[in-house]
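Biologist: Hey, I'm new to this one. Can you pull it up and walk me through it?

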Amino acid sequence: MTMALQRYLSFIMIMIYFVACYSTNLQEDPLSSIVVNSPYINDGGIFKDFLMQSTDHVLSLKSKLGDTSPSSMKTFNVDQYGAQGDGKTDDTKAFKKVWQVACSSKGSVVVLAQKNYLVKPITFSGPCKSKSIVVQISGSLVASDNPSDYKQDPTHWLMFDSVQKLSVKGGGTIHGNGNIWWQNSCKTNKKLPCKEAPTALTLYKCNNLVVEDLNVKNGQQIHVQFQNSANVRVSGLTVTAPEDSPNTDGIHVTNTQNIQISNSIIGTGDDCISIVNGTKNLKATDITCGPGHGISIGSLGEGGSKEFVSGITVNGAKLSRTTNGVRIKTWQGGSGSASNIKFQNIQMENVTNPIIIDQNYCDQQSPCQKQKSAVQIRNVLYQNIKGTSASDVAMQFNCSQNFPCQGILLQNIGLELEGGGEAKASCNNVKLSYRGNVSPSCNYIEEMHELGGFGKTHSMN
């Protein structure tokens, strides 16, 4: 055998080995295995495409947002328009003046120095002449704590309305001074009537939006709300309020599409992130949550409403001491759907209800009446979720008898009781598929009984 022939045969053997290894790796792709083998996904491949996405739907945001570099823009300092920044003087008029000028200019930066600015409710309205506008908060914005200042609009403190290519950032603080609202909440004192309270920061109809590097604390109610907006990038937020402060959601997203939330620390008295009707294509990564009520989709369907949420990914989160982990909650009597949802790579630490779907959610003083219709929940992946549960039941699927939860996929779940011991699962009216090690797991007999015994509801490797 010639030397050339030996080299040729060696090369062929190496190529055969490489192809064999590569093919094995392809076959072991867990997401491919889940999709192909799950008998409960029949949506024309929509969920399969969603699971197999290798690029983020918000990667194109950078090009849409454009250049908001302060060096290419004109600067307006709020102090030059009469702001005192002493934390005592009402600076609202100065903010109105500087906004009117900045919004009427081409390419503007509004600067808040390292001072404490006391501000009453204010709306920064667009559209602006400026193609892009930056609000640079270095100091603190402090809310008036006099409820009479909010008579004209009791539901907002700071609001940006219809401002395109807006960036709000700077490392400063937005302080909601919420204590007076918490004390007078019906959830704190059930003898009091339930009243609305202001949201600290609202971004309404703001497309191609950036909110980053801010501290938001002690909101009167919701801390940061994204509403009716599109192409949103959120990063580097620290949102905090006492654990017993009522209805103080950290980040609330409603009717907003293409939003990325990353690298944020949230600990409040309610949901760290709440995702409600009209939200589509949301990705949350590197989230630290706790205390609070966890990361929630919903509630949906209240008052018989028809509501939709889809394309939600939570990938990379740590939840500590929260009253729920990753949760989907819907009211009886509603309609619509929550679909194509992924919860991945999540660490739970002493969390009550780490994994929960509740289609019988009821948040009112009187009992909710049993109803036939429900928001359909389908195509939900739980993957690589580990840690400890503060409750005996670590995994709970409380689904509708008339509209069972469909296409619920569990892969590599490891939840045990805080302090050690085996946790439990409770599964009613749910169609499941397992991959890898899943603990706790649902009781097959219980599950079949709840579904009327029409067939096997999960497969298991």
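Modeller: Here's a short chat about the chain, its cavity and one strand. This is a predicted model, where local features need pLDDT of at least 70, side-chain atom pairs count only at pLDDT 80 or more, and totals for chains, interfaces and linings use all residues. Numbering runs from 1 along each chain as its sequence is written, and side-chain values use heavy atoms, with hydrogens and water left out.

Biologist: How many helices and strands are in the chain?

Modeller: Seven helices and 28 strands; these are DSSP runs, numbered from the N terminus, helices being H or I with at least four residues and strands E with at least two.

Biologist: And what share of the residues counts as buried?

Modeller: 52% of the 461 residues, where buried means under 20% relative accessible area with a 1.4 Å probe, protein chains only.

Biologist: Switching topic: what's the volume of the largest cavity?

Modeller: About 120 Å³. A cavity is a set of points on a 1 Å grid over the protein atoms alone where a 1.4 Å probe fits but cannot get out, and lining residues have an atom within 4 Å of a point. The volume is the space filled by probe spheres set on the points, which are joined across faces, edges and corners.

Biologist: Which residues are closest to its centre?

Modeller: F95, F124, V135, L141 and F160, out of 14 that line the cavity. α5 gives the largest share of that lining, three residues.

Biologist: F124 is in β5, right? Which face of β5 is covered?

Modeller: The one with I122 and F124, while T123 and S125 make up the uncovered face. β5 also runs parallel to β8, joined by four bridges, and T123 stands opposite M159 there.

Note on methods
On a 1 Å grid over the protein atoms alone, a cavity is a set of points where a 1.4 Å probe fits but cannot get out, and a pocket is an open set with protein on both sides within 12 Å along at least five of seven lines; lining residues have an atom within 4 Å of a point. Buried means under 20% relative accessible area, exposed over 50%, partly exposed in between (1.4 Å probe, protein chains only). Two strands pair if DSSP finds at least two bridges between them.
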